[in-house]
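Hi,

Here is the two-chain job I said I'd pass on to you. Have a look at it first, and my notes follow underneath.

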Amino acid sequence: MNAELIIPLLAAAIQSGTPILYATLGEILTEKAGVLNLGVEGMMITGALAAFVTAQVTGHPALAFLMAGLVGAVVGGIHALVCLWFLGNQVVSGLALTIFGLGLADYLGTPLIGQTAPGFDKLALPLVHGIPVLGPIVFQQDILVYTAIIMVPLVWFFLEKCRWGLNLRAVGEHPEAAAAAGINVLRYRWIGILGGGCLAGFGGAYLSLAYTHLWTSNLTGGRGWIAVALVIFAFWRPGRALLGAYLFGGVMAFQLRLQAVGTHLPSSLLLMLPYFLTVLVLVFSSWKSRQTDAPAALGVNFEPND
Amino acid sequence: MSHDHPLIRLEGLTKKFGPLYANRDITLDIRAGRIKSLLGENGAGKSTLMGMLAGRLRPDGGRILIEGRPRHFSSARDAISEGIGMVYQHFMLVDAMTVAENIFLGHPGGILLQQDAMERQVEALARQVRLEIDPRARIADLSMGEKQRVEILKLLFRRNRVLIFDEPTAVLTPQESKQLFEALREMARQDKAIVFISHKLDEVLDLSDEIAVLRKGEVVADMTADRVQTKEALARLMVGREVILQVDREPVETRQTVLRVRGLNDAPLKDVNLTVRQGEILGLVGVAGNGQKPLVETICGLRAPGTGHVRLMGQNWSRFFRKRRWDGNLSYVPEDRQGLATCRNLSLTENFLLTTRQGFSRGPWLQRPAAEKRLRELIQTFDIHPPDPLSQARQLSGGNLQKMVLAREFFRRPRLIVAEQPTQGLDIAATEDVWGVLLKARSRAGILLVTGDLAEALSLSDRLAVMFDGRIVDTFDADDRAKIDAIGLMMAGVTETARSAIPDA
């Protein structure tokens with residue numbers, strides 16, 4: 001393979017990895033607060049739809065992007081309500097959220113199939129876009145790619161260096177200890193879930209505003225689930241999430257290209273590739289290292305006493 | 001500050017759980033600069049009372065006065081802001097974070113964390129009260145005693161005036177307990193009010209300025225420490241009847257060897273030799289973490305031995321554990337009765353069947369009714385409450401659960417019993433029961449008693465082995481006065497004969 005092939009492939013890897021990156025960062029935030037939310041897929045697709053509709057109606061992609069975050073957070077809020085208020089089972093609630101989101105987006109989105117909406121175009125960054133190799137791969141993307149990259153250190157900084165981040169992590173590790181230290185456990189879990197929902201919504205918005213510009217059914221195509229798996233692969237660290245998201249984006253872009261070029265392999269096998277990789281990655285990351293940064297109280301509901 | 005007016009007065013405090021009174025009309029004074037002990041058995045209501053003072057539980061009646069003014073706490077936060085802090089039995093620390101992070105957790109301050117400044121402040125505070133600790137260490141890497149220091153520093157850091165300790169020595173080694181007591185006295189000198197909750201008479205007598213005794217939710221005595229006449233009188237107040245603190249051991253003839261460990265090397269174990277015969281109790285004492293755990297796990301088949309020989313009932317380790325798993329030869333009574341010994345959410349019958357299938361299964365089918373019937377008899381013999389084979393394990397108190405485990409294990413008539421900290425966290429009455437059961441079992445089994453409680457080891461054992469740094473330092477008969485006097489030193493690793501006298505037990 002030569003540079004003409006590899007550079008566009010890597011650029012495509014970043015594009016198709018970006019929605020996963022948003023969603024993975026969001027799920028890291030949620031899980032660090034001790035809440036497992038399997039509804040990423042549902043929050044992503046409702047976010048995608050909200051962004052698409054807003055962009056069509058108002059013509060402002062930026063507003064559409066923010067709307068997606070808001071809707072993602074609102075859908076995530078259902079999970080928060082079920083788990084934090086009514087102490088419902090987190091796994092069941094998350095699964096329900098995915099089914100709900102996919103169903104809702106299908107129902108509301110069917111009339112929109114095939115329509116287009118104004119979105120984000122490529123924005124070459126001044127000065128750096130001319131750097132050989134790196135320029136065309138990283139610095140000739142749309143603004144949402146740059147925002148996603150900036151999100152990585154931001155989330156890391158919030159979790160590791162801010163007092164609120166410390167509190168949020170404590171709530172995810174040992175909610176009773178956090179409560180005994182005077183921290184409002186439920187408040188931080190709300191923050192984790194809503195923040196995670198917002199980022200998942202952003203991820204969805206990337207798909208409808210920048211990746212495709214048009215609405216199709218099942219736009220997210222399992223990316224939410226890949227994000228859930230990537231959180232484990234990333235050991236709950238934002239930096240590794242970036243690596244993982246682009247790796248998966250790369251595989252997705254690669255199999256698309258292979259299909260386009262035409263091989264003897266059945267396309268169904270190629271389509272399976274990213275999900276197969278997800279399974280592999282989960283097996284290896286659970287096997288290799290016992291000591292990850294998994295929050296100790298992940299998935300455990302917290303019941304404040306009387 | 002004057003010591004005449006109490007810093008805190010509890011007035012007629014009452015707390016009910018359903019129809020049961022956990023606390024009834026309790027009135028107590030807590031004074032600055034004094035150590036007040038709250039003595040009582042498990043279930044006497046000590047923890048409930050302190051829960052109300054720490055803001056975790058809301059009283060159903062009565063009031064709390066702080067410096068003469070009534071206060072209402074609706075959460076732990078309110079109590080914290082009044083300077084009342086509690087060191088819980090189960091530490092409230094985040095394992096994945098550092099000492100400094102834990103101490104600063106929930107502490108108001110700027111948005112950004114200043115790691116260096118935090119660590120310096122913690123170090124300075126630690127030095128001031130002589131509780132040395134590395135502020136950069138992760139909690140998961142600390143010993144129990146060190147974790148407790150972090151808890152104390154957490155309270156001191158928030159300038160707490162009242163420090164409540166809920167059974168703080170239950171998890172400590174004797175040395176660590178001694179250090180803790182010194183720190184407590186030091187804090188009292190710095191005008192803190194200390195509340196010490198315990199059921200251990202010696203500790204209470206050793207430490208306290210004032211002693212209040214709780215029984216069945218009510219205060220039965222409240223006095224200064226110098227008014228206590230004897231330990232026995234105090235015990236009688238606490239239990240409500242005569243207590244026998246001595247046990248009578250009838251000698252039993254020792255018979256065949258049921259456990260023989262020879263030259264076992266398997267880090268951290270170093271050249272471990274010991275022998276247990278039927279009819280004797282071998283007390284294995286030592287500070288926790290000196291290799292007892294891996295040794296017990298090896299003997300009980302949870303961990304493969306390294307080099308050396310481990311023979312059970314005359315068979316070597318791999319053969320024994322391959323072939324004879326469920327028959328009555330070996331019983332293990334683990335320290336962790338909630339996790340390793342029982343399943344919280346299973347009924348007592350199911351827990352009984354966990355290790356004891358023989359006689360209660362036909363082909364692939366379990367015969368529950370038969371097991372339930374046998375268990376009913378056992379429940380009566382061992383006096384387990386609630387006496388219902390269908391109640392879940394988590395509904396039982398620590399003492400009753402331990403009796404349940406012992407009942408189950410002894411039902412199989414084992415020839416070798418490994419009992420690990422069998423009375424840890426139990427009150428006097430339950431401890432008496434467990435000791436009695438162990439002594440009775442001795443007539444037909446060899447018992448390896450692993451304990452951190454020297455008094456327990458001395459009252460029960462026929463022979464003693466002292467463990468330090470993965471090694472059996474010495475093994476001797478329980479009537480060897482000279483050796484017994486040196487146990488404390490041996491446990492600390494201070495012995496000139498440690499190397500030369502690796503015993504042939």
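Let me start in a loop: Trp236(A) lies between α10 (223–233) and α11 of chain A. Keep in mind throughout that this is a predicted model. The phi of Trp236(A) is near 65 degrees, which is a positive value in a residue other than glycine. For context, most residues other than glycine have a negative phi. Is Trp236(A) buried or exposed? Trp236(A) has 22 C-beta neighbours inside 10 Å, so it counts as buried.

Chain A has another residue of this kind. Leu87(A) is not a glycine either, yet has a positive phi of about 55 degrees. Leu87(A) also sits in a loop, the one between α3 (61–85) and α4 (90–109) of chain A. The surroundings are another matter: Leu87(A) is exposed, because 11 other C-beta atoms lie within 10 Å and the cut-off for exposed is 12 or fewer.

**Helix packing in chain A**

The loop with Trp236(A) leads to α11, so to speak, and that helix has a partner worth a look. Helix α6 (residues 143–161) and helix α11 (residues 238–261) of chain A have axes that come within 8 Å and cross at roughly 155 degrees. Angles over 145 count as roughly antiparallel, and α6(A) and α11(A) are therefore roughly antiparallel to each other. Their crossing is right-handed. On the α6(A) side the contact is made by Val152(A), Val155(A) and Trp156(A), and on the α11(A) side by Pro238(A), Gly239(A) and Leu242(A). By class, that contact has five nonpolar residues, one polar and no charged.

α6(A) also packs against α7(A), where the axes come within 5 Å and cross at roughly 75 degrees. That makes the two helices roughly perpendicular. Phe158(A), Leu159(A), Glu160(A) and Lys161(A) of α6(A) make this contact with Trp164(A), Gly165(A), Leu168(A) and Arg169(A) of α7(A). Here the residues divide into four nonpolar, one polar and three charged.

**Where the chains meet**

α7(A) turns up again at the interface. In total, 19 residues of chain A are in contact with 17 residues of chain B. Which elements of chain A give two or more residues to the side that touches chain B? They are α7 (163–173) and α8 (175–180). That side of chain A has 10 nonpolar, four polar and five charged residues.

**The cores**

The largest nonpolar core has 161 residues. Those with the most contacts inside it come from both chains: Ala48(A), Ala51(A), Ala68(A), Leu230(A), Ile164(B) and Val195(B). Helix α9 (residues 185–211) of chain A gives the largest share of this core, 13 residues. Apart from it there is another core, of 69 residues, and Leu274(B), Leu312(B), Leu464(B) and Ile487(B) are among them.

To get a feel for the largest core, try clicking on Val195(B). Its contacts, leaving aside neighbours within four places in sequence, are Ile30(B), Lys36(B), Leu38(B), Met50(B), Val162(B), Ile164(B) and Phe165(B).

**A few spots in chain B**

Leu153(B) lies in helix α5 (residues 144–157) of chain B. With 22 C-beta neighbours inside 10 Å, Leu153(B) counts as buried. Not counting residues up to four places away in sequence, Leu153(B) touches Ile103(B), Val122(B), Leu125(B), Ala126(B), Leu131(B) and Ile133(B). Leu153(B) and Gly83(B) are 70 residues apart in sequence and 14 Å apart in space, C-alpha to C-alpha.

Further along, helix α12 (residues 348–355) and helix α13 (residues 368–382) of chain B have axes that come within 10 Å and cross at roughly 100 degrees. α12(B) and α13(B) are therefore roughly perpendicular to each other. From α12(B) the contact takes in Leu348(B), Thr349(B), Phe352(B) and Leu353(B), and from α13(B) Arg368(B), Ala371(B), Glu372(B) and Leu375(B). That comes out as five nonpolar, one polar and two charged residues.

Phe382(B) is in α13 of chain B too. Phe382(B) counts as buried, with 20 C-beta neighbours inside 10 Å. Beyond four places in sequence, its contacts are Lys403(B), Leu406(B) and Ala407(B). The C-alpha atoms of Phe382(B) and Leu302(B) are 80 residues apart along the chain and separated by 28 Å.

Cheers

How values were computed. Residues are numbered from 1 along each chain as its sequence is written. Chains are lettered from A and ligands numbered from 1 in the order in which they are written. This is a predicted model: local features need pLDDT of at least 70, side-chain atom pairs count only at pLDDT 80 or more; totals for chains, interfaces and linings use all residues. Two residues are in contact if their C-beta atoms, placed from the backbone, lie within 7 Å. Helices (H or I, at least four residues) and strands (E, at least two) are DSSP runs, numbered from the N terminus. Ala, Val, Leu, Ile, Met, Phe, Trp, Tyr, Cys and Pro count as nonpolar, Asp, Glu, Lys and Arg as charged, and the others, Gly among them, as polar. A nonpolar core is a set of buried Ala, Val, Leu, Ile, Met, Phe, Trp, Tyr and Cys residues joined through C-beta atoms within 7 Å. Axes are lines fitted to C-alpha atoms, for helices over the stretch in contact, and angles run from 0 to 180 degrees between N-to-C directions. Angles under 35 degrees count as roughly parallel, over 145 as roughly antiparallel, 65 to 115 as roughly perpendicular and the rest as oblique. A crossing is left-handed if the near helix is turned anticlockwise from the far one by less than a right angle, and right-handed if clockwise.
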